[in-house]
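Me: I'm new to this one, so please pick a single part and take me through it closely. A little background on the surroundings first would help.

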Amino acid sequence: MVAADSLISQAWEALNKVEDPEIPVVSVVELGIVRDVIERNGELEVNITPTYSGCPATQVIEEMVIEALHNAKLEPFKVNTVLSPPWSTDLISDEGKRKLKEYGIAPPEDESIDKKALMGEERQVTCPNCGSNNTHMVSQFGSTPCKSHFKCKECLEPFDYFKCL
Amino acid sequence: MNQNKSLYHAVLHLGDNALILGHRLSEWCGHGPVLEQDIAMTNISLDLIGQARMYLDYAGKLTGENKNEDDLAYRRDVLDFKNFLITEIPNGDFADTIARQFFFDQWNVLYTKALMESKDETLSAIANKAHKEVSYHQRWSSEWVIRLGDGTAESKEKIQRGIDDAWMFTGEMFTQTDEEKALVAEGILPDAAALKAQWEEEIKRLLSEATLVMPTDNFMQSGGKEGVHTEYLGFILAEMQYLPRAYPDAQW
């Protein structure tokens, strides 16, 4: 019999390798999609949470999580979807944010900053290419439900900003 | 059981609003006036369809018959749909779509905020999630009302007409069925009638900023929640449901 803590750490290890299908530089763990891994009577339970309601990747991610746990031979396991508390961009780890930036997507700023932007105040988003704060929002909707479309006024490059929720 | 049936109807209503308006907005895909706005409308469509899935998944569980969200979206007919009429009226031109979205978003922001306080844990969880997304929608449609209203003579005329035409479909958002009133009393649903004053105030403020005239007509259409729909819903369902009905077990 495998000890519970090693079962759980094996599960985390397997989940750390599951990449987001749209942004393959960050894992579903770094994005905060995996909420919890617990063990109950020898069975693993993995709780995952949907990000943006309309994200078409949600279902794919669930299938990838199941596949990763299966490949790591961690049966029996159960994957649950939990809605509450809702997923928020605050759940993205610092490492995840760093990788997003490196990939060319401006990571979400602190949520409170974004609330101000929502009330019509100027939002400060740093250009992931040149680091300038002199940026401008072209559209709050972008190429996927999780992104807004920005342009840098310094280097003139367009870029995606990971939308705060 | 009765409480369960009332709750089922209420959740269906919320899911149907999101599903039908989401479908309507998806019709703009590839037809938007400029690329960014095409993307905006289809993003909002995706959000709404995602929210519809959460509501309908919950409604399916309330039936006790193991129904899923697809059964409810694709295997019900017009009379069983409970969406507001405003969600099914045709897109018209861009200004008509903005006007419809503007009225609906202002309602949705207030409603989901109040629904977060529901004693029903699932509804509260869905509302918590939906509210943040809906706030983005509201900001977008309000900005467009202001931009078109305070824009050129032509854009102003078009958005004023859109606002006037959609107005008679807004009354329904603040009426409640007897079933809903019982759920309000139990703290499961927010009191929609109580949201009306705040909704009107917001609409009035934004229309004034847009230099537009607030409609004053008191005649309101209703019937959506009772399954009495406009002729348009049947056409939406015909398109939306064709494939799953013709090929019931089709898979991607």
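Reply: Let's start with contacts: two residues are in contact if their C-beta atoms, placed from the backbone, lie within 7 Å. In chain B, 73% of the contacts between residues at least 6 apart in sequence join residues at least 24 apart. Keep in mind that this is a predicted model, where local features need pLDDT of at least 70, side-chain atom pairs count only at pLDDT 80 or more, and totals for chains, interfaces and linings use all residues. Residues are numbered from 1 along each chain as its sequence is written, while chains are lettered from A and ligands numbered from 1 in the order in which they are written.

Still with chain B, 46% of its 252 residues count as buried (20 or more other C-beta atoms within 10 Å of the residue's own; exposed means 12 or fewer, partly exposed in between, with C-beta atoms placed from the backbone). Chain B has nine helices and zero strands (DSSP runs, H or I of at least four residues for helices, E of at least two for strands, numbered from the N terminus).

Now the close look, over in chain A: helix H2 covers residues 57-71. With 15 residues at 1.5 Å each (times one less than their number), H2(A) should span 21 Å, and its end C-alpha atoms are indeed 21 Å apart. Its buried residues are A:Ala57, A:Thr58, A:Ile61, A:Val65 and A:Leu69. Looking down the axis of H2(A), they fall within an arc of 110° (from the directions of axis to C-beta atoms), so they line one face of the helix. On the other side, A:Gln59, A:Glu63, A:Glu67, A:His70 and A:Asn71 are exposed. After H2(A) comes A:Lys73, with a positive phi near 55°.
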